[in-house]
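User: I would like to go through this model and ask what stands behind some of the terms used for it.

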Amino acid sequence: MRVNVTVNGEQRQADDVWEGESLLFMLRERLGLPGSKNACEQGECGSCTVYLDNVPVCACLVAAGQAQDRSVRTVEGLAEGDQLDPVQEAFVEAGAVQCGFCTPGLVVQAHDLLDRVPNPSDPEIREALAGNLCRCTGYEKILDAVRLAASRR
Amino acid sequence: MHAFDYAAASTVRGALDLAGPGSAFLAGGTTLVDLMKLDVLTPDRVIDVNALPLKGIRLHDGALRIGALERMSDVAAHPVVRSVHPVISKALLLSASGQVRNMASIGGNLMQRTRCDYFRDVTSACNKRRPGSGCPALTGVNRNHAVLGTSDSCVATHASDVAVAFVALDAQVVLRSKDGDRVAPLEEFYRLPGSTPDRENVLGPGELIAEVVVPVLPWARHSTYLKIRDRQSYEFALTSVAAAVDVKRGVVQDVRLAAGGVAAKPWRLRAVEEALKGGVAIERTFAEAAESAVDGARPLAHNAFKTALLKRTIVRALLDAAGAR
Amino acid sequence: MTLTPAELTSAVSGGIGTSPQRPDGNLKVRGEFAYASDLWHEDMIWGATLRSPHPYARITSVDITEALKVPGVYAVLTADDVPGRNLYGLEHKDQPVLAVDVVRYQGEPIALVGADHPETALRAMKKIVVTYEVLEPVVDMETAVDDTPLHPGGNLVRHVPIRRGSQDVTAEVVVTGRYEVGMQDQAFLGPESGLAVPASDGSVDLYIATQWLHVDRDQIAAALGLPQEQVRLTLSGVGGAFGGREDLSMQVHACLLALHTGKPVKMVYNREESFYGHVHRHPAVLYYEHGADHTGKLVYVRTRMYLDGGAYASSTPAVVANAATLGVGPYEVDNVTVDAYGVYTNNPPCGAMRGFGAVQAGFAYESQMDKLAEALGMSPVDVRVRNAMTEGSVMPTGQVVDSAAPVAQLLKLVQDKPLPAGTSSDIRELPGGVSNTTHGEGVVRRVGYAVGIKNICFSEGYDDYSTARVRVSMVNGSLSAAVHTAACEVGQGLVTIMQQIVRTELGIERVTVLPMDTTIGNGGSTSASRQTYVTGGAVKAACALVRDKLAGRTDIGDEVIDETTEWRHRATEAIDPVTGQGNAHVQYGFAAHRAVVDVDVDLGLVRVVALDCAQDVGKALNPQAVVGQIQGGSAQGLGLAVMEEIQTSGGKVRNPSFTDYLIPTVLDMPPMSIDVLELADPHAPYGIRGVGEPPTISSTPAIVAAIRAATGLALTRVPVRPEHLTGT
């Protein structure tokens, strides 16, 4: 089937999509956007978090067809050219990135949190990021990064 | 994944016309897509119902009415839900993760399947997935399984949190088919496994959940949902309890209680409710009443702890809902 | 102008001892860093693996006829298609690339499919017909040696005995215990994946997420029947490792499919397959007896331990040696008896995971130290300090610890840290958290301590070295350096460390890290907390060669200085097979934890309120990365303490998903207060001491000690779950 979808502000079209493909697969393998990650593909780890119509979701559990005529924003769509989003900048500075496989999902989820709650408390940050698994950092520097980004936005 | 047709419907009629044996409705997709990847569900046709007009959250005729396609996150955050039935909001917020709640619908949540690993593993026997093939959970790894409402065919738990709250509140579901609407109490919507664990509810072929109707119970503003799980977040219940208590002058006037994580379906605790009515709202009353919660329980090798844990969970929930702590 | 090395160093920022940003950080936060699963090649096809559903079975037939007929399928391969040696393994070549006649664990690869779409490959895979004669699996590690032999030499992979001092001395106070450690998974987030690209001359390039390029290459070449130079590996982005990528997974499979079809082949495991596709931490059963005098001084330690290696050996021999040689912990004990057994069973294969044998022993000996403290009426810290090893102490192997061993100091540092404020009134900070389970009722707060020891680098006489190349030339009028190794960046930040070393050694700020590949010599494994030590040492040594040629010049015109060198740490020795004596290890690392835990004793819920740590790192080359390692390692220890276990039943994995195999979320990890000591090891480059593993060892027993204190329960098994605490 053919899927028309707006991705990072651009109208995109994916052809020959097999019905069983997820939005994640379509983004990664058909639209050249592998930034959203495939760590569990069961909605358990949050590494594939993207905005779907401005709401963060796990792209792995969205059937490709569900994205028809909708708007998707991925981690690749956060920076303005060379200028990183403050959340991205803070993740690098705070040492919140080790292997980085969880990072795209966390960056999108943290971006959404700060859009909704500009100065979140620690418990609010933790609750917002509870659907994103990280195995390298023990999360402390991720919290640092979100606090840092909040202070700059 | 099994091959299938993908069709999108924009009207209920259209969706029902497309439906047939071997078809499945797709709302949020968080259960369906997951189980299709595992080949647990193999529909020939998937009907995307997201464009159907089954939305809206409103108070009408003494009831809170929630459209089946409302997202879990929207329902949880809705001011009317939070003020009229906070237990619904709490149960939703203790389910899954933010990202999943943003996709998953209320109707889909009620239709979610068990987390039994044998059900999810297509190389295993499972009476629910392949009737007559057997139930390895009876003698296998059954720590997470049910102790109430089980049968020799199936010991799986029902996985939903919000259904527990709904059942406590006497919620009904509006079921829509080409023949029109019918209404069923949610508690009776779900079937016990018996010898046919593959038939989990009373939904007929070509029928879908249109709406959830929750009677308003003014005193149920004092309600809570609490959940025991293996980590702080994003995990299914070992035990959970939805509780609403009406206490006047220290005496329990009325109460609604249901449990999750322990039973084959969301488990209303009527005997406990009866034992509580007229009692003094203190911990000892709650503990004594909770004893009957596990009448008829059939613990397995690895989940016997759930019976005592359920009773303690009930006590904590009552303390919280009664404001006694 | 010429400058002295010291002047050069101070002239540039981002050298050692600072925390410059990772060179790959921007790409990673933008989603533009290419992990192995992100790779794409014109005309590529997808590979899939058919695996055994049985833990132990004889294969009576494999029929691929129908699978080959599926449109879009390019190849279906079985053991018959492996042109070279169909056996591989890190220490024993005992594991088939594709099963022949018998399968020894659930998930063992039997056949491969290459097809135009991953779904086509999966569907074709289901059309392969394998018939099995199912056999009774061997699943009990304690009796495995006397059970059905699974390999020609029987089921004992390795027995490591240690005999030191008196074997029959008695003591005034004796405590005994039996401890169990469940099977932990590395649970790295980036699944096993890679892209194999065939060349027209019959050679192959593999872009791969791994921990050790050269040993992968050697095993792949042997299986393909190719000379090593015809198998070229390049490291792609690696989504975490923690030991789980030390063994092969899909490497040979992708290359086989690529060479067979003449097409680039991509393979990506999903999460379930990942659980079957890599080795796990050995589950263990450990029997201990500690004898002490009335002052708490240890008189003897005797232990017998079993580590379940599962179906194939992997690194079991080295894991067993670690458990044995580090089996009494960081304590001085004159009389030691150890018998450690690594065995074959039909459980999932186990091998390397962060802490590597020291974790299992650490849980047991630290539990014993608490038991001893209780028997003596001493505090847990006092009994540990009473026995703490120091520089100059003798290990049970007879090896003298010849650099800092600040065990008592680390314990006192965590003991002296301020305790967190009392039990919170915010339910989000109580056991159960947002789950709304308590407002404080039933909650008991207690503290637990633990300290651990880990060998750093490879041991027992292994020729452990790394190779580094540093090239310097002029770019836009200033000196620029490039550093090239085959040492794998898996997330830990080796790329940053290498840049820092070059900046410090050469005073050149602009340092490029070249792709890691097999065109340069062996970098050794990214394991045993060794890369900063060994590859860092190699980069430093290469810089010294470059510096000689640079001779203080800041303008070298068109000249290119390009130096490559191998660097080795000092040699270690094999241990005596009867007494276990020998200088087996090159360096020891130590960390201590204090855990503060709130336990809801009625509901069995645990919240780790604080998890404070002190660790000696010799020299913190990158303080931010050091702290990141301590935080991450401690989190994995927390996971083992209270939630993580691969559950098996009759050899079958029952929870191969992140739904059912739980790892800590951000809500489960407490804030950590961390002290980093820098007591230089004179034998190591810059005095550094390996960082990655020690914090994983002591966090588990510290947390369990606190839960024991809160509940009064024995808790001899990890992970501890609610039902172990509710008494129900």
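The turns below deal with domains, a chain contact and a helix.

Analyst: Note that this is a predicted model.

User: How do you know where domain 1 and domain 2 of chain A begin and end?

Analyst: The bounds come from an automatic or database domain assignment. That assignment gives 3-77 for domain 1 of chain A and 86-152 for domain 2 of chain A. Their centres, taken over C-alpha atoms, are separated by 21 Å.

User: What makes residues of the two domains count as in contact?

Analyst: Two residues are in contact if their C-beta atoms lie within 7 Å. The contact takes 13 residues from domain 1 of chain A and eleven residues from domain 2 of chain A. On the domain 1 side, strand 3 (residues 49-52) of chain A gives the most, with three residues. By class, that side has seven nonpolar, five polar and one charged residues.

User: Which helix of chain A gives the most to the side that touches chain C?

Analyst: The contact takes 46 residues from chain A and 50 residues from chain C. Helix 2 of chain A gives the most to the chain A side, with four residues. By class, the chain A side has 23 nonpolar, 14 polar and nine charged residues.

User: Why are the buried residues of helix 12 of chain B said to line one face of the helix?

Analyst: The buried residues of helix 12 (residues 283-290) of chain B are B:Thr285, B:Phe286, B:Ala289 and B:Ala290. Seen down the axis of helix 12 of chain B, they fall within an arc of 130°, so they line one face of the helix. What covers them includes helix 11 (270-276) and helix 13 (305-321) of chain B.

How values were computed
Residues are numbered from 1 along each chain as its sequence is written. Chains are lettered from A and ligands numbered from 1 in the order in which they are written. This is a predicted model: local features need pLDDT of at least 70, side-chain atom pairs count only at pLDDT 80 or more; totals for chains, interfaces and linings use all residues. Helices (H or I, at least four residues) and strands (E, at least two) are DSSP runs, numbered from the N terminus. Ala, Val, Leu, Ile, Met, Phe, Trp, Tyr, Cys and Pro count as nonpolar, Asp, Glu, Lys and Arg as charged, and the others, Gly among them, as polar. A residue is buried if 20 or more other C-beta atoms lie within 10 Å of its own, exposed if 12 or fewer, and partly exposed in between; C-beta atoms are placed from the backbone. The arc is that of the directions from the helix axis to the C-beta atoms.
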